[in-house]
Amino acid sequence: MKKLLVLMMACMMILAACSPGSQETESDSNESSGAKEITIWAWDPNFNIKAMEIAKEYYQKENPDVEIKIVDNAQADIIQKLNTSLSSGTTKGLPNIVLIEDYRAQSFLQAYPDSFHEITGSFKAEDFASYKIAPTSLDGKNYGLPFDTGVTGLYVRTDYLEEAGYTVDDLKGIDWNQYIEIGKKVKEATGKQMITLDPNDQGLIRMMLQSSGSWYLKEDGVTPFIAGNEALKKSFETYKALLDADIVKPNSDWSQFLAAFNSGEVASVPTGNWITPSIKAEASQSGKWAVVPQPKLPDVESSVNASNLGGSSWYVLDVDGKEEATDFLAKTFGSNVDFYQDLVTEVGAIGTYIPATTGEAYKAEDEFFAGQPIISDFSQWVEEIPQVNYGLHTYAIDDILIVEMQNYLNGKDLDQVLEDAQQQAEAQLQ
């Protein structure tokens with residue numbers, strides 16, 4: 001009887017070892033002691049997500065054991081989720097890597113300094129455009145790996161210019177006053193407006209400001225700098241001058257903005273390089289566009305013909321897997337020249353990694369722009385963008401200035417407009 005009992009127990013042990021439950025336990029054990037996974041949050045499937053998918057392919061060629069999960073979220077959802085989790089002190093459910101817009105980066109880094117993993121030394125900061133380092137760093141330490149540039153340009157319809165007696169060279173190195181005069185002549189000759197603007201969008205003001213090395217905030221990134229900011233005052237004056245010259249086609253949303261140039265109703269578009277695919281979307285206009293440096297502010301000695309609008313960077317959160325996440329970024333966005341060639345050709349994303357600019361994809365001529373090597377040109381302008389500290393409150397001050405801009409356009413004294421905006425910003429933000 002005893003022998004029979006021992007035999008039955010042995011059989012039960014063998015069956016248990018072969019059961020599905022045993023396999024599940026073995027899998028869990030492997031997962032907790034060796035499996036590597038990187039989770040990434042970003043937005044825009046045709047741009048940021050697509051760029052990260054290419055990075056994933058490059059990295060997994062050498063690191064096939066690392067699973068990389070890319071999650072598409074709306075930018076607003078990412079901001080909300082990060083703030084909710086980080087303010088509560090919990091990291092459960094957060095990704096290893098997250099994309100953050102440069103204008104918002106300091107608000108996260110300064111509010112949650114212990115929630116981001118320092119990546120200083122994992123890449124050469126000097127290999128990236130200098131203007132991208134300030135918003136991605138804190139106290140001299142690197143926390144973000146720079147991604148795309150919002151380097152601006154002035155997209156112009158060459159056929160409209162020719163009708164007015166101008167060439168593309170006539171728009172190179174000009175200031176906004178000269179731009180306005182050219183716009184008047186273009187409208188007279190063609191009946192087309194020179195530019196389209198949304199009165200509730202301060203993008204053009206930000207472009208003008210950064211071209212002068214100035215911002216809404218002082219260099220500390222915290223103190224509002226509105227009253228007494230000569231570059232901001234000149235930007236407001238220039239905006240009003242554009243409207244007074246009657247060369248502006250108003251728009252109220254993104255679709256109207258796109259329609260203005262796709263329909264041929266405006267002769268130029270000053271904005272970030274990310275608009276290139278939208279310009280090229282109207283195939284019938286191929287060969288009729290060129291890109292030149294954006295105009296600089298008149299009577300502002302520090303202003304140059306280069307600026308930025310938008311752009312974002314990658315951040316590693318201080319959660320399990322941060323070492324693998326840092327390695328992934330360092331070997332793709334942080335150093336891989338070939339990878340950046342694919343970003344240009346497959347996504348149209350111009351990074352801020354300077355060594356990549358010597359690659360063939362950056363030198364390629366674009367038939368839509370009559371053979372102009374626009375990527376090469378934009379890359380040159382990237383290195384000329386003045387570095388500013390976007391600080392903590394870019395969008396909050398934007399909201400204040402949108403209202404005060406309308407007050408100015410309706411007749412309020414400009415100095416009083418800026419003084420009132422200064423007081424509002426100090427009351428709300430300090």
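Student: Which residues line the largest cavity?
Tutor: In this predicted model, the lining of the largest cavity consists of Ala129, Gly351, Thr352, Tyr353, Ile354, Thr357, Ser379, Val382 and Glu383.

Student: And how does that lining divide by class?
Tutor: The largest cavity is lined by four nonpolar, four polar and one charged residues.

Student: How much space does the largest cavity hold?
Tutor: Its volume is about 40 Å³.

Student: How many cavities of 30 Å³ or more are there?
Tutor: The count is two.

Student: What lines the second largest cavity, then?
Tutor: Trp43, Gln75, Ile78, Ile79, Leu99, Ile100, Glu101, Arg104 and Phe108 form that lining. The second largest cavity has about 40 Å³ of space.

Student: Which elements supply at least two residues each to that lining?
Tutor: Three elements do so for the second largest cavity: helix α4 (75-88), strand β3 (97-101) and helix α5. By class, the lining of this cavity comprises six nonpolar, one polar and two charged residues.

Student: Changing topic to pockets: what is the volume of the largest one?
Tutor: The largest pocket has a volume of about 1,100 Å³. It is lined by 41 residues, and those closest to the centre of the pocket are Asp201, Trp254, Thr271, Trp274 and Leu309.

Student: Which elements give two or more residues to the lining of the largest pocket?
Tutor: The helices are α5 (102-111), α8 (203-211), α10 (254-262), α11 (276-280) and α16 (394-409). The strands are β7 (195-197), β9 (268-272) and β11 (308-316).

Student: How many charged residues are in the lining of the largest pocket?
Tutor: Nine residues of that lining are charged, alongside 18 nonpolar and 14 polar residues.

Student: What about the second largest pocket, how much space lies there?
Tutor: The second largest pocket contains about 320 Å³ of space. Of the 16 residues lining this pocket, Lys280, Val344, Gly348, Asp366 and Ile375 are the closest to its centre.

Student: Which elements give two or more residues to the lining of that second largest pocket?
Tutor: They are α11, α13 (337-347) and α15 (374-382). Helix α11 also gives two or more residues to the lining of the largest pocket.

Student: And how many residues of each class line the second largest pocket?
Tutor: Its lining has eight nonpolar, five polar and three charged residues.

Conventions. Residues are numbered from 1 along each chain as its sequence is written. This is a predicted model: local features need pLDDT of at least 70, side-chain atom pairs count only at pLDDT 80 or more; totals for chains, interfaces and linings use all residues. Side-chain values use heavy atoms; hydrogens and water are left out. On a 1 Å grid over the protein atoms alone, a cavity is a set of points where a 1.4 Å probe fits but cannot get out, and a pocket is an open set with protein on both sides within 12 Å along at least five of seven lines; lining residues have an atom within 4 Å of a point. Grid points are joined across faces, edges and corners, and a volume is the space filled by probe spheres set on the points. Helices (H or I, at least four residues) and strands (E, at least two) are DSSP runs, numbered from the N terminus. Ala, Val, Leu, Ile, Met, Phe, Trp, Tyr, Cys and Pro count as nonpolar, Asp, Glu, Lys and Arg as charged, and the others, Gly among them, as polar.
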